[in-house]
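Hello,

Here is the structure we talked about. Please open it and follow along with the notes below.

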Amino acid sequence: MGRDVPALEFTRDDRRRFRNKMHTCLDVLARMLREARFDFERPQVGLEIELNLVDATGEPAMRSRDVLEAIADPSWSSELGRFNLEINIEPRRLTAGGPDSWEQEIRNALNHAEEKASALGAHLVMIGILPTLELQDVGMAALSEDPRYHLLNEQIFSARGEDLLIAVDGVEKLRTYADTITPEAACTSTQFHLQVAPDEFADYWNAAQAIAGVQVALAANSPFLFSKELWHETRIPLFEQATDTRPDEIKVQGVRPRVWFGERWITSVFDLFEENARYFPALLPLCDDEDPQKTLEHGGTPGLSELTLHNGTVYRWNRPVYAVVDGVPHLRVENRVLPAGPTVADVLSNGAFYYGLVRALVDEDRPVWSRMSFSAAEDNLHAAARYGIDAHMYWPGMGEVPVTELVLRRLLPAADRGLDRLGLDAAWREPLLGIIEQRCVTGRNGAVWQSEMFHHIHDIDHADRHEALKRMTRQYIDYMHLNAPAHTWPVD
């Protein structure tokens, strides 16, 4: 979905041609996988961070176009809402320069963008859902000016035939309707990329699926939506609902949702692309001029444009990515479950835990996905989204346990072993994983702090609800800039 698309209407012939072209791409991908035509000898990692824009009071600022023009850096791009931006951090080897260099690179980029934005009266916030966002802030006027988002909006509502229901029962209850997909823009995430060899892709994807719930529980940072206190990671149910193309009658027939955990462990990356083609009609049936079979036969590397475009409109929590860089193709797992923020230190500790743990699980003689049902992994994700760091979840050999106990006893040592095998020495590992450890020991993360700070202001200082959310947001921004991990943030 990163490409620019024209504003147009699609015909039945467009859809037929796109389906045929996508199946051709699948055939070519299958051949490429058999012939091992992929770059994987020097695997890299990557990072994307989505951010919100606010004004000086903490309210959403619809200034993305102006801020992007001021930043003037191709690493930055628009997102779905006019109050969103996204930065793509340059891919790197995990051990290149050490975590300190990666952290400094990210902080330098964010500080530069903040300087440019503040000159326009706007400020950047890394947070899962902006607490001050109200329903009136996510109407059509808030949809990004980019034609691709307007086209996507049209196609989703054309498929649905009715408004979107957003319903979340948490600490409080939310039930409302939306006539655009802009509520999805409330969901701002951190996305970790991991380049893998084709024959190892299934193991890494399965491992990422198995730990998705653990990741969300530890990093939850989205307790508020439209002034309601809901789930610890409300971003998960909101994203599932805000892009749902299915009316109720289609849901009960078993049609898969486009925001999808999946339904089985896989044996090949091909399984995921083939499922996309089999289960999901095209939202953006745009064909390019390349004949991927001829490109491959003539010794070139096909872009598989239709396959990748369609893949960008199926929102898996762990998404397969096919990409071509300097004429060489590679495969990546894109880990999409985590919210943005609260700090760069928190983000990098989340990344260290993820990269280390998936490596450790892949190296096990008896993989966790051979001892755990796929539905248990999905249940873990939703328990984590609802209860955050207080969640209980299932893990083979331990049964149903508090996530903090699971991490401290089993998964944190595994992540440490995995990072060691990836080449990170103890001086790099310990500070990063130490943040994860202290979250578990204290039972505190971004969602816990937001909730406690809101209630401190609202219940003790007797500020009205929206004013309390604004004050909490401004305090959040101050602590975010200090870069002290969220479990250390005071509530006063």
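**Internal cavities**

The second largest cavity has a lining of 13 residues, and those nearest its centre are L94, P99, W102, L348 and L432. Two elements, α3 and α12 (344–363), each give two or more residues to this lining. The most come from α12, which supplies 4 residues. By class, the lining of the second largest cavity divides into 10 nonpolar, 2 polar and 1 charged residues. The space inside is about 120 Å³.

Keep in mind that this is a predicted model.

Now the wider count. There are 4 cavities of 30 Å³ or more. The largest cavity holds about 160 Å³ of space.

Which residues line the largest cavity? From the early part of the chain come L51, R107, L110, N111, E114, L124 and M126. The rest of the lining is V344, M480, H481 and N483. By class, that makes 6 nonpolar, 3 polar and 2 charged residues.

Which elements supply at least two residues each to the lining of the largest cavity? They are α3 (98–118) and α17 (465–482). The largest share belongs to α3, with 4 residues.

One element is worth selecting in your viewer: α3. It gives two or more residues to the lining of the second largest cavity, and α3 also supplies at least two to the lining of the largest cavity.

Best wishes

Terms used: Residues are numbered from 1 along each chain as its sequence is written. This is a predicted model: local features need pLDDT of at least 70, side-chain atom pairs count only at pLDDT 80 or more; totals for chains, interfaces and linings use all residues. Side-chain values use heavy atoms; hydrogens and water are left out. On a 1 Å grid over the protein atoms alone, a cavity is a set of points where a 1.4 Å probe fits but cannot get out, and a pocket is an open set with protein on both sides within 12 Å along at least five of seven lines; lining residues have an atom within 4 Å of a point. Grid points are joined across faces, edges and corners, and a volume is the space filled by probe spheres set on the points. Ala, Val, Leu, Ile, Met, Phe, Trp, Tyr, Cys and Pro count as nonpolar, Asp, Glu, Lys and Arg as charged, and the others, Gly among them, as polar.
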